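Reader: I would like to go through this model and ask what its descriptors rest on. Please set each value against its criterion.

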Amino acid sequence: MKHNYLSILILILLSIPVTIYAQSPIRGVVKRTNGAPVPNATVKIRGTNIAVSADENGIFNINSKQELPFYLQVSSVGYKPQDFQILKVDSTIIELTLVEDALLDQIVVTSRRRSEVLQDVPIAITVIGGQAAENAGAFNVNRLKELVPSVQLYASNARNTTLNIRGLGSTFGLTNDGIDPGVGFYVDGVYHARPASTSTDFLDIEQIEVIRGPQGTLFGKNTTAGAFNITTTKPTQIPTAKAELSVGNYNFIQAKTSISGGVAKNLAAKLSISGTQRDGTIWNTREERKYSGQNNLGFKGQLYFTPSDKLQILLSGDVSIQHPAGYPLVIAGVTTTERSAYRQYARIVSDLGYQQPKIDPFSREINTNTPWRHNQSIGGVSVNVDYKIGNGTLTSTTAWRFWNWDPTNDRDFSELSALTKSQGNSRHDQYSQEFRYSGNITEKLSGVIGVFALGQNLQGLDQTEEVGKDQWRFVQTSATGAQALYSTPGLLDGFGIKTNSTIKSLSAAVFAQVDWEFLNHLHILPGLRYTYDKKDVDYNRATYGGLQTTDPALLALKAAVYANQQFNINTDNNNLSGNITLSYRPNPKLNAYGTFSTAYKPVGVNVGGLPTTSTGQADLSLAVVKPEYVEHYELGVKTKPVKGLLVNVTAFNTDIKDYQTNVQSPQLGVNRGYLANAEKVKVKGLEVDGSYQLERFLTLNAAVAYLDGKYVKFTNAPLPLEETGHTELINGVATQVAFKDASGGRLPGISKWNVSGGAEFSIPGSLATKIGRYFIAGDASYRSDYSSNPTPSKVLNVDGYSLLNARLGFKSEKFSAFVWSRNIANKNYYEQLQAAAGNSGLYAGVLGDPRTYGATLRYTF
């Protein structure tokens, strides 16, 4: 409709007498940067519906009685659309030049808060273009771990998301809200504090920059391991619209649409909507329903005000609502622990009258008796202001974001009524403000300086953990003495805890970095960051349910399972960190650099329940977790050996003192784990990536990452599942211990070898009346085995696996149609393994998706 209104308005305007009109046909030729013609390009008069297609030699003729000056919009698939101003019309043939889209050696990034060519930036960066993301089929950020070998992204649900780069960033496994992520996640300049953001369907992606290594002197929040910098397309004055529909197996359907255009002088708007649904891939035989499906709805609106060449204001608002069929874990196995025979899982379930559960995880069947639910809503509002001052830009980014989490989990993973409920309901609000100036100071000196503040309020709202009628046998250590009373009818039935907690945190920083070419081709880049962090915690946990009794012996047994806990913590710390980089760029084909940097991740707090002391009180010595301190060394070289070929190599070594890790406790009250410090860890590695582009016909890419991550010193590590109940002689007495020395063991979640590669081949052609290109593309990835437990375990290890994806179709300037498939070989693999609460020997796994396939249609108006 908007196009019709504009056409009517243009006709009215054209009917008004004016002085200067274009009355002759415009003749021209569309060329590439090398002078070769661009066949079948579309040439359109901006603001009208008048358009023609160039012929095979790029020649076009277009007629219009249009007031001068006006603009011609020229576009063709594989090239960047461009507007050309027409000041006069005569018999001269005009030449219009289009630049090829996404030339490998001309990708522009904003990782240093200003626009720069990727190969000129002395930082290890991988860029995924928006078109590549869209053409991947059913794309979300989780897909990046298949495209970028150094990325590790594991999730048992949106809340429990581990987002790491080079093995560092977040704790692996279950999430504790009291720790800050070490990987920054930014969308259009706004920092997203919750890792759940990665589960949303992103709209109108322009590109994704994956930045590896500490970057605290450039980004608002300190990032000890790297950052994801996602930019989306801005609204345009020219009316445009895009619609996309994808369908696939498991009744997958995804629809996306966006519309953009001018609403007033210098003011453009855009509205984008996305909806995704998919049946589950895991069948619950007890409930007779499917789980692990998708049900997402997302909205994003933007207003873009450009009153002058110097000032740009972008107002954005978004919300994503997800009500999936929850993401259950499947029983993966049962191992023997070092506890007595009476406390082994097989004996326990037998005594309760159950059969040993079927160990067949890849049948994708579960038999749980508590529904799984993982509902969330996430969104926010931001205002970004860019104002050009001198040779630079002053930027202000103001944002508020929220996250609501409403889950239900069956944490015994079985038909038993043992740990029947685990509901970590949460509400998170964050407020952030960043002021930053970046630009050229002199011809040989440029830099960034900024201040950043982030306030967060994270509430646990009646978070519930509840046990059922079978739990007594899991906590009973023997059938004699006081322990025999655990079999008292109804003692633990419906017994649980409700927790209300609040973490109020403030993080403020000032940062700066400069790039000085102090000798010809030789650059030095020093940077500094001062950070202040403060956290205030209020934790209150109260028991409820179970047998109501005044019997002291029975009350003592109940208290050994769950007990009231209440504490308040106030803690703060500050840090001065920085980096220095030396870069040598003798010509456009070589950029060699070396970096030394220090970084820090702020103090952590425990709000998942604390282990108790021998007196039954909360162990407050574990309430505060010391900050991480990072020393990082990196050497890299970026090269362009021949036209179309890029080869980059990076070697690095990262040492972390007081590494923050997640610890699983056998106590039910801390079944989500608690945070602790490992004295020292080291991650070192080598990354090689290359890309080759042969004209528009062939694109190749490949990357390999070798990562070696170990605990250098971790003397108080939790016992792995199979060693639960381990005893040692202490002062001549056999004593059960809960910790061990894990020094030398490997860090969780890190594959030693990570490989990815892809190829796309295309040829020109036409589909019906559409001129474009037919293409076939594929990508493959491999990860070697990795530990899935904070302490190295003999059973909680994920085997290595390979995945193959492909797509085939047709793409033109305005229309695309293709089929796609992911995990073509239908590989069975785990993403995580974890011990069931109580450490009785049962463990469960998060399954990777089976083979999926579908088709996508996309049309741009």
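Reader: How much area does the chain expose, and what share of it do carbon and sulfur atoms supply?

Author: This is a predicted model. Its chain exposes about 34600 Å², and 58% of that comes from carbon and sulfur atoms.

Reader: What makes the radius of gyration agree with a compact globule?

Author: The globule rule is 2.2 Å times the number of residues to the power 0.38. For 861 residues this gives a value near 29 Å, and the chain has 30 Å, so the two agree. Along the principal axes, the C-alpha atoms fill a box of roughly 105 × 60 × 45 Å.

Reader: What share of the residues count as buried, and by which cut-off?

Author: Buried means under 20% relative accessible area. By that criterion, 55% of the 861 residues are buried.

Reader: How many helices and strands does the chain have?

Author: The secondary structure comprises six helices and 55 strands.

Reader: Why are strand 22 and strand 27 said to pair?

Author: Pairing requires at least two bridges between two strands. Strand 22, residues 282-284, has two bridges to strand 27, in the parallel sense, so the pair qualifies. N284 has I366 of strand 27 as its bridge partner.

Reader: In what order do the strands of that open sheet run, and what makes a strand an edge strand there?

Author: The order is 23-22-27, with mixed pairing. Strand 23 (289-291) and strand 27 (365-366) each pair on one side only, and these are the edge strands.

Definitions and conventions
Residues numbered from 1 in each chain as written. Predicted model: local features only at pLDDT ≥ 70, side-chain atom pairs only at ≥ 80, totals over all residues. Heavy atoms only, no water. Helix = DSSP H or I, 4+ residues; strand = E, 2+ residues; numbered from the N terminus. Buried < 20%, exposed > 50% of the residue type's maximum accessible area, 1.4 Å probe, protein only. Areas by Shrake-Rupley, 256 points an atom, 1.4 Å probe, with all protein chains shown as cover.
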